[in-house]
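Trainee: Please take me through this structure with short questions and answers. Where do we begin?

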Amino acid sequence: MMPKFNASNAVAALMCAALILLPLYSAVTGNIFILTLFTRIVIFALAAASLNLIMGYGGMMSFGHAAYLGIGGYAVGILAAEGIGSGFIQWPVALAVSALFALLIGALSLRTRGVYFIMITLAFAQMAYYIASALSRYGGDDGLTVYKRSDFAGLINLSDRNQFYYLCLACLFGGLYLIWRIVNSRFGLVVQGVRSNEQRMQAIGFHANRYRLVCFVISGTICGLAGALLANNTDFVSPAVMYWTRSGDLMVMVILGGMGSLFGPVIGAIVYLLLEELLSQFTEYSGLILGPVLLLIVLFARGGIMGLLGRMRRV
């Protein structure tokens, strides 16, 4: 049987097609800026999707998720500064360090719940921010310039805009597929069950914190990959990427697009960053306009944009 197609599915399909065809549009129109902008959007969409795994499906409201962006970025930048330019070394190190940091944060923060969990994740992220600021050898507060992008032995040229964009897009689609497989697996169903009723899941024999910790580590690792991509995209990494406001941006993307939906964070990242870019052309106080717009969406579109579309009549 063919699955019924509703508005949210249609928008997700159109969005994927548009992202795939974007470099062609850029080449035909000569608009290089739109390709640069959407490369950044795709990277942050991957980071938002990783947050959605623990926040939307696992019920873990992490307010320090941007720390993994910085850790992944600094892993690439520091290795490049030390003369190690191979992406086959930089990227696995970025993923491994992000996973270890997520394991540390998760092992401590998952002992708490609610606002205490939020505050502990925020505290760890701020700790990472101040540690990066103190690394005078690697730029300190001023950040670290990545003079050469990751080298993959000629398999792909990250200095080529189109190739790098498609690499970012492949990582996004790969990350979404991994999240989909996790969510629909026995493991993912347990995590969602713990979110709904932790005491009942423990009563029937599941060790809730073990499942939540594994999910937390997977989420941090995916975000570390986004950090490695971001460092290569900007040729620069700074402590600012780990500041708590960036974690807030990721949370807004997830909530705006729709928590607990596969493509919600991607839609949220596109809408949020496009609005930010558009409003910044008219005023330097774009937050004064963007804030009320986001507030209206949250108040009157429960479940975010994807939730609103999902309630529309099926076709």
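Mentor: We begin with a definition: helices (H or I, at least four residues) and strands (E, at least two) are DSSP runs, numbered from the N terminus. This is a predicted model, where local features need pLDDT of at least 70, side-chain atom pairs count only at pLDDT 80 or more, and totals for chains, interfaces and linings use all residues. Residues are numbered from 1 along each chain as its sequence is written, and side-chain values use heavy atoms, with hydrogens and water left out.

Trainee: Over residues 250–275, how many Å apart are the end C-alpha atoms?

Mentor: An unreviewed UniProt entry lists this span under "transmembrane region". Such annotations may be inferred rather than shown by experiment, and UniProt positions follow the numbering used here, with feature names shortened. The chain there is 77% helix and 0% strand, and the separation of its end C-alpha atoms is 15 Å.

Trainee: And how many Å apart are they for residues 115–132?

Mentor: UniProt's entry lists this span as a "transmembrane region" too. Here the chain is 100% helix and 0% strand, with end C-alpha atoms apart by 26 Å.

Trainee: What kind of aromatic pair do F88 and F152 form?

Mentor: Rings of Phe, Tyr and Trp (its six-membered ring) pair if their centres lie within 6.5 Å; planes under 30 degrees apart are stacked, over 60 edge-to-face, the rest tilted. The structure holds 13 aromatic pairs. In this one, the centres are 5.2 Å apart and the planes meet at 85 degrees, so the pair is edge-to-face.

Trainee: Why does the F88 and F152 pair tie together parts of the chain that are apart in sequence?

Mentor: F88 lies in helix α4 (residues 87–109). F152 lies in the loop between β1 (144–145) and α6 (161–183), so the parts joined are apart in sequence by 64 residues.

Trainee: Is F152 buried or exposed?

Mentor: Buried means under 20% relative accessible area, exposed over 50%, and partly exposed in between (1.4 Å probe, protein chains only). F88, at 47%, is partly exposed. F152 has a relative accessible area of 11%, so F152 counts as buried.

Trainee: Which nonpolar residue of the surface patch with I20, L21, L24 and V28 is in helix α6?

Mentor: Patches join residues with over 30% relative accessible area and no salt bridge: like charges within 9 Å, nonpolar side chains (Val, Leu, Ile, Met, Phe, Trp, Tyr) within 5 Å. This patch has about 500 Å² of accessible area together, by the Shrake-Rupley method with a 1.4 Å probe, where only the protein chains shown count as cover for residues. Helix α1 (residues 7–29) gives the most, with 4 residues. The member in helix α6 is Y166.

Trainee: Which residue does R40 meet in a salt bridge?

Mentor: A salt bridge is a side-chain nitrogen of Lys or Arg within 4 Å of a carboxyl oxygen of Asp or Glu. A search of the whole structure finds 5. R40 lies in helix α2 (residues 32–55) and its partner in helix α11 (residues 264–280), so the pair ties together parts 236 residues apart in sequence. At 4.0 Å, N to O, that partner is E276.

Trainee: In which helix do R246 and D249 both lie?

Mentor: Their side chains meet in a salt bridge (3.2 Å, N to O). R246 is buried at 19%, and D249 is buried at 15%. They are 3 residues apart, about one turn, in helix α10.
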